[in-house]
Amino acid sequence: LARSASGTVTIEGATIATLTAQQVYTKPQIATVTALTSSSNATAIALLTSNDYSHTTTEATTLSNPSDTPVAGQSGSIFITQAAGANYTLAFGSEYDFAGGTAPTITAANAARDRLDYVVRADGKIEITAVLNLS
């Protein structure tokens, strides 16, 4: 294992990683799904900690604007599950944008599952597409 150049790692002379070139993978790259929690009707999120997130509702809440500065081009998913026996709502901070300008209404049924796919635009706004009522 050696550092052959700035940003390049090699094993026995073969480049295994570089920070300045496109990477080609032959196996899946699997991100950790980071659990979010809600407190005082707010769900905090730091987009630079992961790409994928999950949240099981415990109260009516707002997905807060990220606590860090998201990077343009980052994308991922936020998996929302309604708590069994409860039907909570989800609102969104001001940095989130939606098709037609209207935020989705998450599925209000016991243990319902929704997925919010996001992409960070260059201006720091976060575009959300909702896939609702998965079963």
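A cavity is a set of grid points where a 1.4 Å probe fits but cannot get out, and a lining residue has an atom within 4 Å of such a point. In this predicted model, the largest cavity is lined by Leu36, Thr43, His55, Leu63, Ile78, Ile80, Leu90 and Leu116. By class, six of the lining residues are nonpolar and two are polar. No charged residue takes part in the lining. The volume of this cavity is about 40 Å³. The structure holds one cavity of 30 Å³ or more.

Strand pairing was examined next, beginning at the N terminus. Strands of a sheet pair through backbone hydrogen bonds, in either a parallel or an antiparallel sense. Three strands form an open sheet here, in the order 1-2-3, with antiparallel pairing. Strand 1 (2-5) and strand 3 (14-18) are the edge strands, each pairing on one side only. From one strand to the next, the twist averages 40 degrees. Three bridges connect strand 1 with strand 2 (residues 8-11), again in the antiparallel sense. Within this pair, Ala2 has Thr10 of strand 2 as its bridge partner.

Further along the chain, strand 13 (residues 126-134) pairs with strand 11 (residues 96-98). These two strands run parallel and are joined by three bridges. Asp97 stands opposite Glu127 of strand 13. Strand 13 also pairs with strand 12 (residues 113-120), in the antiparallel sense and over seven bridges. Here Tyr118 has Ile128 of strand 13 as its bridge partner. Strand 12 and strand 13 form a hairpin, with five residues between them. In the turn, Gly124 adopts a positive phi of about 85 degrees.

Tyr118 also appears among the contacts of a loop residue, Ser50. Ser50 lies in the loop between strand 6 (42-43) and strand 7 (52-56). Is Ser50 buried or exposed? Ser50 counts as buried because its relative accessibility is 10%, and buried means under 20%. Leaving aside residues up to four places away in sequence, Ser50 touches Thr32, Thr34, Gln74 and Tyr118. Tyr118 thus links two parts of this description: Tyr118 is a bridge partner of Ile128, and Tyr118 is also in contact with Ser50.

Terms used. Residues are numbered from 1 along each chain as its sequence is written. This is a predicted model: local features need pLDDT of at least 70, side-chain atom pairs count only at pLDDT 80 or more; totals for chains, interfaces and linings use all residues. Side-chain values use heavy atoms; hydrogens and water are left out. On a 1 Å grid over the protein atoms alone, a cavity is a set of points where a 1.4 Å probe fits but cannot get out, and a pocket is an open set with protein on both sides within 12 Å along at least five of seven lines; lining residues have an atom within 4 Å of a point. Grid points are joined across faces, edges and corners, and a volume is the space filled by probe spheres set on the points. Ala, Val, Leu, Ile, Met, Phe, Trp, Tyr, Cys and Pro count as nonpolar, Asp, Glu, Lys and Arg as charged, and the others, Gly among them, as polar. Two strands pair if DSSP finds at least two bridges between them. Helices (H or I, at least four residues) and strands (E, at least two) are DSSP runs, numbered from the N terminus. Axes are lines fitted to C-alpha atoms, for helices over the stretch in contact, and angles run from 0 to 180 degrees between N-to-C directions. Buried means under 20% relative accessible area, exposed over 50%, partly exposed in between (1.4 Å probe, protein chains only). Contact means heavy atoms within 4.5 Å.
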